[in-house]
Amino acid sequence: ELFSVRMAAQKHEQAFSFGPWIVTVRKSPMMNSKERERVEQEMDLPLPEMVFADNFLQIGHKAGFGIRFVAMDALKLVNNKEDSLKVADAEVWQKTRESSVGINNVIRPFDWTYTNQYIGTMYCLPDAEPISVEPTDEKIDVEKLKEPERINFYEEACLFEDELADNGIAL
């Protein structure tokens, strides 16, 4: 069952339910400059060019638990203290500019690609039975995933985006 709800302030939610599961996607405008400044100070991290703080993708169960993907939780896992990545041609570029004063001075080191290990945020509603996440030896049945099936629901939720100073794009 597919349903859609338009919310205040240009927020739009779309959901699809199947059995005991419901997939919900919210899309909204990007973060305003005032909110952006506040969050940058709190996180001590220059934010990507576009942050969609109210967007999310959520997979929930009727028992009250699920997983949600949100921008702020992902950005909290970005290394905000060091720039450990180098562009492939960075060394060649630097050699051509060795005489430039201050070329190696990094004013604000951070992972400018916004790479992180975010795998989603588990949640459990207050009135739901508590859940725990435990390691398992169970495997996903890859052969089952290869079986062709009709796609009942498709949606995309952009959490943040940056053009990486013309060195690619981070989504």
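**Entry 1: Lys76**

I looked up Lys76 and recorded it as exposed, because its relative accessibility is 57%, where exposed means over 50% relative accessible area, buried under 20%, and partly exposed in between (1.4 Å probe, protein chains only). The model is predicted: local features need pLDDT of at least 70, side-chain atom pairs count only at pLDDT 80 or more, and totals for chains, interfaces and linings use all residues. Residues are numbered from 1 along each chain as its sequence is written, and side-chain values use heavy atoms, with hydrogens and water left out.

I then placed Lys76 in the loop between helix H2 (71-75) and helix H3 (90-95). Helices (H or I, at least four residues) and strands (E, at least two) are DSSP runs, numbered from the N terminus. I noted that the C-alpha atoms of Lys76 and Tyr118 are 8.9 Å apart, with the two positions 42 residues apart in sequence numbering.

Which residue forms a salt bridge with Lys76? I found Asp73, with the closest N and O atoms 3.8 Å apart. The term requires a side-chain nitrogen of Lys or Arg within 4 Å of a carboxyl oxygen of Asp or Glu. Asp73 is entered as partly exposed because its relative accessibility is 22%.

**Entry 2: Other salt bridges**

I recorded a count of nine salt bridges by this rule. One of them joins the side chains of Glu42 and Arg38, at 2.3 Å from N to O. Both residues belong to helix H1, four residues apart, or about one turn of the helix. Glu42 is exposed, at 57% relative accessible area, whereas Arg38 is partly exposed, at 37%. I also noted that Glu35 joins Arg38 and Glu42 in a network of salt bridges.

In helix H4 (residues 142-146), I looked up Lys146 and Glu143, which lie three residues apart, about one turn of the helix. Their side chains meet in a salt bridge of 3.2 Å, N to O. Lys146 and Glu143 are both exposed.

**Entry 3: The two sides of helix H1**

Which residues of H1 are buried? I listed Arg36, Val39 and Met43. They line one face of the helix, because they fall within an arc of 70 degrees when seen down the axis of H1; the arc is that of the directions from the helix axis to the C-beta atoms. Strand E4 (50-51) and H2 are included in what covers these buried residues, contact being heavy atoms within 4.5 Å. On the face turned away from the buried side, I found the exposed residues Ser33, Lys34, Glu37, Gln41 and Glu42.

**Entry 4: Nonpolar core**

I examined the largest nonpolar core, which has 18 residues. Such a core is a set of buried Ala, Val, Leu, Ile, Met, Phe, Trp, Tyr and Cys residues joined through side-chain atoms within 4.5 Å. The residues with the most contacts inside it are Met43, Leu47, Val51, Met72, Leu75 and Phe160. Helix H1 (33-43) and H2 each supply at least two residues of this core, and H2 gives the largest share, four residues.

**Entry 5: Nonpolar surface patch**

Finally, I looked up the nonpolar patch that Phe18, Trp21 and Ile59 form on the surface, with about 240 Å² of accessible area together. Patches are made of residues with over 30% relative accessible area and no salt bridge, like charges being joined within 9 Å and nonpolar side chains (Val, Leu, Ile, Met, Phe, Trp, Tyr) within 5 Å. Accessible areas come from the Shrake-Rupley method with a 1.4 Å probe; for residues, only the protein chains shown count as cover. I located Trp21 in strand E3 (residues 21-27) and entered Trp21 as partly exposed, with a relative accessible area of 30%.
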